[in-house]
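Welcome, and thanks for taking a look at this one with us. Here is a short briefing to read alongside the sequence and the model.

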Amino acid sequence: MTLHLYDTLHRTKRAFEPRDPDRVTLYVCGPTVYDFAHIGNARPPVVFDVLVRLLRRRYGANSVIYARNVTDVDDKINQKAMKEGVVISEITHRYEAAYLADMKALNVSPPDIAPHVTDHIEAIVSQIQKIVDAGCAYAAEGHVLFDVSSYPAYGALSGRNLDDMIAGARVEVAPYKKNAHDFVLWKPSKEGEPSWPSPWGEGRPGWHIECSAMIEETLGLPIDIHGGGIDLVFPHHENEIAQGVCAHGHAHADAAPEEYSRYWMHNGFLTVDAEKMSKSVGNVLLLHDLVQHFPGEVVRWALLSAHYRQPLDWNQSLLEQSRKNLDRLYGVLRDADAALAGYEAEGLGDAEFGDAEMRAAELELAEADLAPVLDALEDDLNTPEAVARLFALGNAVRDALNDAEGDLRDLALARGTLLEAAGLLGVLQTAPEEWFEGGDPALKAEVEALLAERVEARAAKNWAEADRIRDRLTELNVVVMDGPTGATWRVKG
Ligand code: AMP
Ligand code: ZN
């Protein structure tokens with residue numbers, strides 16, 4: 001199957017063909033680092049992380065270049081620094097570090113490039129200059145504004161017509177603007193705000209220009225895929241196209257938006273308990289808090305449970321269901337690991353692993369088993385379908401475990417296929433034991449000591465002591481499962 005992606009610009013699913021399969025380029029608008037990220041902010045990085053995993057599998061790990069920027073120049077950042085009485089870099093460093101920690105908890109692989117606005121001011125100024133030289137922007141009162149009437153394809157991405165936009169404009173129009181929808185490329189800074197020299201005076205860039213300038217500088221034009229949340233289609237991405245295309249002197253009637261990015265992908269919005277997240281409603285869920293209470297993989301699974309273009313409603317039952325689903329797959333893995341313990345150590349595989357023909361046949365089988373998951377993902381990242389097919393692979397591992405006549409090699413292969421498929425979704429990345437134990441070493445030490453004491457208490461028929469141990473385990477929110485090879489335990493969900 002070929003990879004098909006829904007392209008916002010063409011409003012249809014299209015077969016993906018990179019400009020150069022040895023250098024596939026992707027850019028996703030990243031965070032503005034002035035506060036902790038909320039759960040909605042996690043949807044784009046998680047969705048595009050799955051896309052990047054898929055692209056790397058298809059084109060090769062080193063043939064994909066993924067850039068996700070960091071917006072470290074912004075009014076909200078200035079205000080926060082002012083409010084706390086600290087320097088701006090303290091705010092940006094603090095929240096970038098928090099963002100990266102959240103991303104790590106969600107198994108989001110770091111992008112190849114993370115350009116920061118403050119490191120690219122020269123490129124931004126030079127792109128603005130090119131746009132001015134192309135006759136698509138004008139300087140006025142210390143500002144530089146993009147002249148939207150200079151780019152005929154303006155509105156193509158969002159499907160807006162400039163005349164309608166003008167007729168419906170309610171925006172307060174600054175006197176120095178030629179058209180109400182002209183947007184800022186450069187503006188003067190107020191006292192105490194960061195500023196840089198430019199041909200138009202001391203100031204700082206507007207928001208939209210940072211992405212087009214950093215894309216041009218770090219990836220080169222046109223890029224293959226540009227992504228972000230649906231709210232960025234207009235005006236942010238519409239403006240990026242206008243800037244990117246005009247900077248290249250293509251501001252003529254037939255200048256295609258594809259000269260900037262060949263495919264555009266946007267994720268739908270996330271609501272919380274069917275409401276828009278907002279500070280005034282008080283329902284803003286910070287990632288930082290969520291990952292204290294749930295493993296990051298549960299949050300990631302929940303984010304991937306709906307198709308990325310659909311809205312996703314976040315609620316407690318989604319989280320609980322996600323945890324249950326992961327528990328089920330981790331349970332299969334734990335049993336497979338137990339059955340396979342010592343498998344390779346016994347040398348069972350040695351002779352067979354050395355057999356190239358058999359290995360090739362096995363690989364072919366594994367590929368065939370993996371195909372349904374890959375096909376679902378290659379169909380415009382259909383993660384709900386991929387997840388359903390992941391369960392089928394989990395069932396295959398269970399069947400191999402239950403098959404009294406099956407050999408361990410079949411089990412090992414089924415397990416490997418499940419893990420490979422899960423790797424595309426970025427889940428099942430923890431050792432099963434660790435998963436069930438909740439990843440807290442102090443808890444693990446206490447529970448294991450209690451379980452050892454329990455064995456002794458039982459042997460000594462000291463029921464009072466055994467009860468005390470049981471109560472303490474309940475207090476610790478731990479469930480113990482007695483099995484033929486001893487007790488295993490897990491933290492209650
Ligand atoms: P912001 O910090 O608001 O610029 O948002 C950063 C990224 O998160 C952008 O790509 C937004 O489109 C995305 N985003 C913000 N809120 C939500 C939400 N509720 N659901 C999905 N994506 C969101
Ligand atoms: Zn952007």
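Let's begin at the ligand: an oxygen atom of ligand 1 is 3.3 Å from a polar backbone atom of Gly229. Please keep in mind that this is a predicted model. The protein chain is divided into domain 1 (4–267), domain 2 (287–434) and domain 3 (438–491), and the notes below go from the ligand to the contact of domain 1 with domain 2, and then to one helix residue.

**Around ligand 1**

- The residues that surround ligand 1 are His38, Gly40, Asn41, Pro44, Gly229, Asp231, Leu232, Asn267, Gly268, Phe269 and Leu270.
- An N or O atom in the side chain of Asp231 sits 2.3 Å from an oxygen atom of ligand 1.
- Gly40 places a backbone N or O atom 3.1 Å from a nitrogen atom of the ligand.

**Domain 1 against domain 2**

- Taken over C-alpha atoms, the centres of domain 1 and domain 2 are 36 Å apart.
- Their contact draws 28 residues from domain 1 and 32 residues from domain 2.
- About 2,700 Å² is buried between domain 1 and domain 2, with 62% of it on carbon and sulfur atoms.
- On the domain 1 side, Ile39, Arg43 and Arg57 account for 25% of the area buried against domain 2, more than any other three residues.

**Polar links between the two domains**

- How many salt bridges are there between domain 1 and domain 2? The count is 5.
- Asp379 and Lys13 join their side chains in a salt bridge, with 2.7 Å from N to O.
- In polar contact across the interface of domain 1 and domain 2 are 16 residue pairs, both residues at pLDDT 80 or more.

**What domain 1 brings to the contact**

- Strand S1 (4–7), helix H1 (43–59), helix H3 (88–105) and strand S10 (261–267) each supply at least two residues of the side of domain 1 that touches domain 2.
- Which element gives the most to this side of domain 1? That is H1, with 10 residues.
- By residue type, the side of domain 1 that touches domain 2 has 16 nonpolar, 5 polar and 7 charged residues.

**A look at Glu216**

- Glu216 belongs to helix H6, residues 207–218.
- Beyond its neighbours within four places in sequence, Glu216 is in contact with Gln127, Lys130, Leu221 and His248.
- With Lys130, Glu216 makes a side chain to side chain polar contact at 3.0 Å.
- Glu216 and Ala247 are 31 residues apart in sequence, and their C-alpha atoms are 9.7 Å apart in space.

Note on methods:
Residues numbered from 1 in each chain as written. Chains lettered and ligands numbered in written order. Predicted model: local features only at pLDDT ≥ 70, side-chain atom pairs only at ≥ 80, totals over all residues. Heavy atoms only, no water. Domains from an automatic or database assignment. Contact = heavy atoms within 4.5 Å. Buried area = accessible area lost by both parts, 1.4 Å probe. Salt bridge = Lys/Arg side-chain N within 4 Å of Asp/Glu carboxyl O. Polar contact = N/O pair within 3.5 Å; in protein donor to acceptor, adjacent residues only side chain to side chain. Helix = DSSP H or I, 4+ residues; strand = E, 2+ residues; numbered from the N terminus. Nonpolar A, V, L, I, M, F, W, Y, C, P; charged D, E, K, R; others polar. Near = heavy atom within 4 Å.
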